[in-house]
Amino acid sequence: MKNRISLFLMLMICAGVSHAELKIGFVNVAKVLEKAPQAVKAKTRLETEFSPRDKTLVSQQKEIKSLEEKLGRDTAVMGEEERHRIEKDILDKKRDAARAQQEFSEDFNMRRNEELGNLQKRIVEAVRALAKEESFDLLLTDGVIYANDQIDVTSRVQQKLETLSQ
């Protein structure tokens with residue numbers, strides 16, 4: 001136990017001595033994700049890709065609602081067979097809409113995760129390129145409770161991403 005404590009203290013002393021030589025920085029990845037030009041492009045791609053399916057889902061919901069309104073409004077004057085047919089039609093359309101909604105959600109989440117993964121790779125590339133260009137010894141991201149503005153290089157990473165997107 002004493003050996004571990006003394007080893008830890010020695011490491012702390014060595015780190016303290018060499019601290020003056022280290023160049024340390026911090027990157028707020030959430031902020032970079034929010035403002036990255038690639039994020040805007042990814043969002044646009046997702047909207048373009050999934051907009052037609054979303055419109056189809058909305059029209060299915062409207063159709064179901066109109067059938068339900070018709071059933072509620074005309075039940076008194078409808079024959080038993082027609083009422084039963086409309087109820088079955090509503091049930092079938094609800095089932096189809098629920099299935100389509102689930103498939104849409106799964107496909108959208110999968111594509112969003114792909115886009116997010118690609119964006120995160122680009123951010124890592126930008127952080128590494130900045131670290132090499134500016135000779136950083138250590139760049140930190142998540143899990144930092146406080147970072148002085150002097151070591152916050154988030155804006156420079158955003159600039160790097162902008163140059164990589166062109």
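Helices (H or I, at least four residues) and strands (E, at least two) are taken here as DSSP runs, numbered from the N terminus. With the whole chain displayed, the elements can be followed from the N terminus on in the order α-β-α-α-α-β-α, which comprises 5 helices and 2 strands. The model is predicted, so that local features need pLDDT of at least 70 and side-chain atom pairs count only at pLDDT 80 or more, while totals for chains, interfaces and linings use all residues. Residues are numbered from 1 along each chain as its sequence is written, and side-chain values use heavy atoms, with hydrogens and water left out.

Colour the chain by accessibility next, with buried meaning under 20% relative accessible area, exposed over 50%, and partly exposed in between (1.4 Å probe, protein chains only). Of the 166 residues, 22% count as buried. If contact is taken as heavy atoms within 4.5 Å, then among contacts between residues at least 6 apart in sequence, 82% join residues at least 24 apart.

Now select helix 3, residues 37-74. Its 38 residues should span 56 Å at 1.5 Å a residue, the expected span being 1.5 Å times one less than the number of residues; the end C-alpha atoms are 54 Å apart, which agrees. Stop at Phe50, where a kink of about 45 degrees lies shortly before the proline Pro52; the bend at a residue is the angle between axes fitted to the seven residues ending there and the seven starting there. Phe50 is also one of the buried residues of helix 3, which include Leu46, Leu57, Ile64 and Leu67. Among the elements that cover these buried residues are helix 2 (29-35), helix 4 (80-133) and helix 5.

Add helix 4 to the selection. Helix 3 and helix 4 pack at an angle of about 170 degrees with their axes 10 Å apart, where axes are lines fitted to C-alpha atoms, for helices over the stretch in contact, and angles run from 0 to 180 degrees between N-to-C directions. This makes helix 3 roughly antiparallel to helix 4, since angles under 35 degrees count as roughly parallel, over 145 as roughly antiparallel, 65 to 115 as roughly perpendicular and the rest as oblique. By class, their contact has 15 nonpolar, 4 polar and 18 charged residues; Ala, Val, Leu, Ile, Met, Phe, Trp, Tyr, Cys and Pro count as nonpolar, Asp, Glu, Lys and Arg as charged, and the others, Gly among them, as polar.

Exchange helix 4 for helix 5, residues 154-165. The axes of helix 3 and helix 5 come within 8 Å and cross at roughly 55 degrees, which makes helix 3 oblique to helix 5. Pro37, Gln38 and Lys41 of helix 3 make the contact with Leu161, Glu162, Leu164 and Ser165 of helix 5. Within helix 5, select Lys160, which counts as buried at 16% relative accessibility. Leaving aside residues up to four places away in sequence, Lys160 touches Ala126, Ala129, Leu130 and Glu133.

Finish in the loop between helix 4 and strand 2 (138-140), where Phe136 lies. Phe136 is buried, with a relative accessible area of 12%, and Phe136 touches residues including Lys23, Ile24, Val153 and Arg156. Phe136 and Ile24 are 112 residues apart in sequence, yet 6.0 Å apart in space, C-alpha to C-alpha. Ser135, in that loop between helix 4 and strand 2, counts as exposed at 52% relative accessibility. Most residues other than glycine have a negative phi. Ser135 is not a glycine, although its phi is positive at about 55 degrees.
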